[in-house]
Amino acid sequence: MSSSMVPDTREKAPDDSSKLKTFLSILRKFVGVADIASVRFSLPAHLLEPMPNLEYWNYLDRPETFASIGKSDNPLGRMLEILRFWFTKDLKYIKGKPCKPYNSTLGEFFRCSWEINDILPEVLVASNLDAANGTSAVTDDNGEVVKVCYLTEQTSHHPPVSAFFIDCVERGVSARGFDQISAKFTGTSIRVAPGQHNLGIFVNIEKRNNEEYQLTHPAAHLGGLLRGALAITVSDTCYITCPKTCIKVILQYLEDGWIGRAQNRVEGVVFRYDPDRDTATKIKDVSDGDLLAKISGSWHGEVFYTLAGTNEPRLLIDITPLSPVPKTVPSNDNQLSNESRKFWSKVTEAILDKKYGQATRFKQEIEERQRQKAAERQARNEIWQPRFFTGAVTPLGKPELTEEGRKALEGLHMENYELEESERKGA
């Protein structure tokens, strides 16, 4: 048969409108369900983004803002560095459309790294606050090329929870936490909030007396289901606290009105607080005497800070020109069978080839294999244990690395990606 007569097995790619209609028809079955994220319903492949969940949910869309944390000698300056990281960590939602990646499977893991210059681009406005006069100064050296490494593992299936660890050894900055969401379909939108084990991102600055910052997540709404144009809105309050410096931030994301374009506004205050008697939950709770700075702007554009006692807003960050930075991932030969990209490779290839029926079959085979393994563990009374983290969850929301987890991160730093297959893998 000539090549021109070979049948094209690719299927017609559904447009976004038909995708949303199908997605909506599935979601309607979950009206009234308290948490659809815990149900882990399976979607047909043509509704999915060809990307593993563990790869999608990282907080390093601009890793240089993470590597620059801790540079300021001023505690307020370090909190502003934390805020700059906060506003850039999820650029994917601002610069791209919302999507649904693959559900993670128990024992699946993902690792990657970024090699970047730790001097922030001018657009990011480096702000090393001078302790004497509160002025901001842009550093004038050439910076240093550093590596930011990321390791995450699905540690629980019921409820679905993954643990993550981030570090930049050269800068002595690390972060960890649990990713878990709670989702409820209201009939017109999906409300997504942190799950009970997700207590936020915990950032540690080793070179600053191990200052620890807890960054909590706000709830968000995924709307536009009825009109066929998905959009994420945030109308909630979140907090950043550092008990060692006794500095706290309250950020209030404001709901847009019905008239005019979305402004995606955010307001906030940076202030002194007593970690042992902390009652401030709203901006209005903060007294002028404790105020260090005010935050204002758009989390889709420019965000400003205004130091207490002044009326001059200074640019904290401008999101407008920024895009997510590409990551470095071990080659396919260096990935284990339960490493995200290799684990889902057949599904991904089929989706990219527009063979949606085949992709759905591959996906269903994976899901059935997971059910069989879970049944076998139950029959043996076997409690599954993660490989890279010490347990499925912890009450404090801060996962601990195992010895293998530490070695995996060290391997990323050294570009030594070799790991042995483990019998504990869930896949």
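Trainee: What makes β8 and strand β11 (residues 220-223) a pair?

Mentor: Two strands pair if DSSP finds at least two bridges between them. Three bridges join β8 and β11 in the antiparallel sense, so the condition is met. Within β11, Leu222 is the bridge partner of Ile190. Please note that this is a predicted model, in which local features need pLDDT of at least 70 and side-chain atom pairs count only at pLDDT 80 or more, whereas totals for chains, interfaces and linings use all residues. Residues are numbered from 1 along each chain as its sequence is written, and side-chain values use heavy atoms, with hydrogens and water left out.

Trainee: How do you know that strand β7 (residues 181-185) and strand β8 (residues 190-194) pair, and in which sense?

Mentor: Five bridges connect β7 and β8, in the antiparallel sense; the pair therefore qualifies by the rule of at least two. Ile181 has Pro194 of β8 as its bridge partner. Four residues lie between the strands of this hairpin, where Gly187 takes a positive phi near 110°.

Trainee: What is the count of helices and strands in the protein?

Mentor: There are 10 helices and 18 strands. Both are DSSP runs numbered from the N terminus (helices: H or I, at least four residues; strands: E, at least two).

Trainee: Why are Tyr253 and Trp299 called edge-to-face?

Mentor: Rings of Phe, Tyr and Trp (its six-membered ring) pair if their centres lie within 6.5 Å, and planes under 30 degrees apart count as stacked, over 60 as edge-to-face and the rest as tilted. Nine aromatic pairs satisfy this rule. The ring centres of Tyr253 and Trp299 are 5.8 Å apart and their planes stand at 75°, so the pair is edge-to-face. Distant parts of the chain are linked in this way, since Tyr253 belongs to strand β14 (residues 247-253) and Trp299 to the loop between β16 (291-298) and β17 (302-307), 46 residues apart.

Trainee: Is Tyr253 buried or exposed, and how is Trp299 classed?

Mentor: Buried means under 20% relative accessible area, exposed over 50%, and partly exposed in between (1.4 Å probe, protein chains only). Tyr253, at 6%, is therefore buried, and Trp299, at 11%, also counts as buried.

Trainee: What edge-to-face criterion do Phe343 and Trp344 meet?

Mentor: The centres of the two rings are 5.3 Å apart and the planes are at 80°, so Phe343 and Trp344 form an edge-to-face pair. Both residues are buried.

Trainee: Which residues does Trp299 touch?

Mentor: Contact means heavy atoms within 4.5 Å. Not counting residues up to four places away in sequence, Trp299 touches nine residues' worth of surroundings that include Phe87, Ile232, Tyr253, Asn264 and Ile319. Phe87 lies 212 residues from Trp299 in sequence, yet the C-alpha atoms are 6.6 Å apart.

Trainee: What makes the charged end of Lys89 count as sitting over the ring of Trp86?

Mentor: A charge sits over a ring if NZ of Lys or CZ of Arg is within 6 Å of the ring centre and within 35 degrees of the ring normal. The charged end of Lys89 sits over the ring of Trp86, 4.4 Å from its centre. Lys92 lies over the face of Tyr93 at 5.5 Å from the ring centre, and Tyr93 is itself linked by ring pairs to Tyr56 and Trp57 in a cluster.

Trainee: How many residues has the largest nonpolar core?

Mentor: A nonpolar core is a set of buried Ala, Val, Leu, Ile, Met, Phe, Trp, Tyr and Cys residues joined through side-chain atoms within 4.5 Å. The largest has 56 residues, and Phe66, Leu83, Phe87, Val203, Leu251 and Val270 have the most contacts inside it. Helix α5 (residues 75-88) supplies the largest share of this core, eight residues. A second, separate core of 26 residues includes Leu24, Tyr102, Phe343 and Ile351.

Trainee: Why is Asn209 called exposed, and Asn264 buried?

Mentor: Asn209 has a relative accessible area of 58% and is therefore exposed, while Asn264, with 10%, is buried. Asn209 is placed in the loop between β9 (201-205) and β10 (211-215), and its phi is near 60°. Asn264 lies in the loop between β14 and β15 (265-272), with phi near 50°. Most residues other than glycine have a negative phi, and most peptide bonds are trans. A cis peptide bond, with omega about 0°, joins His158 and Pro159.
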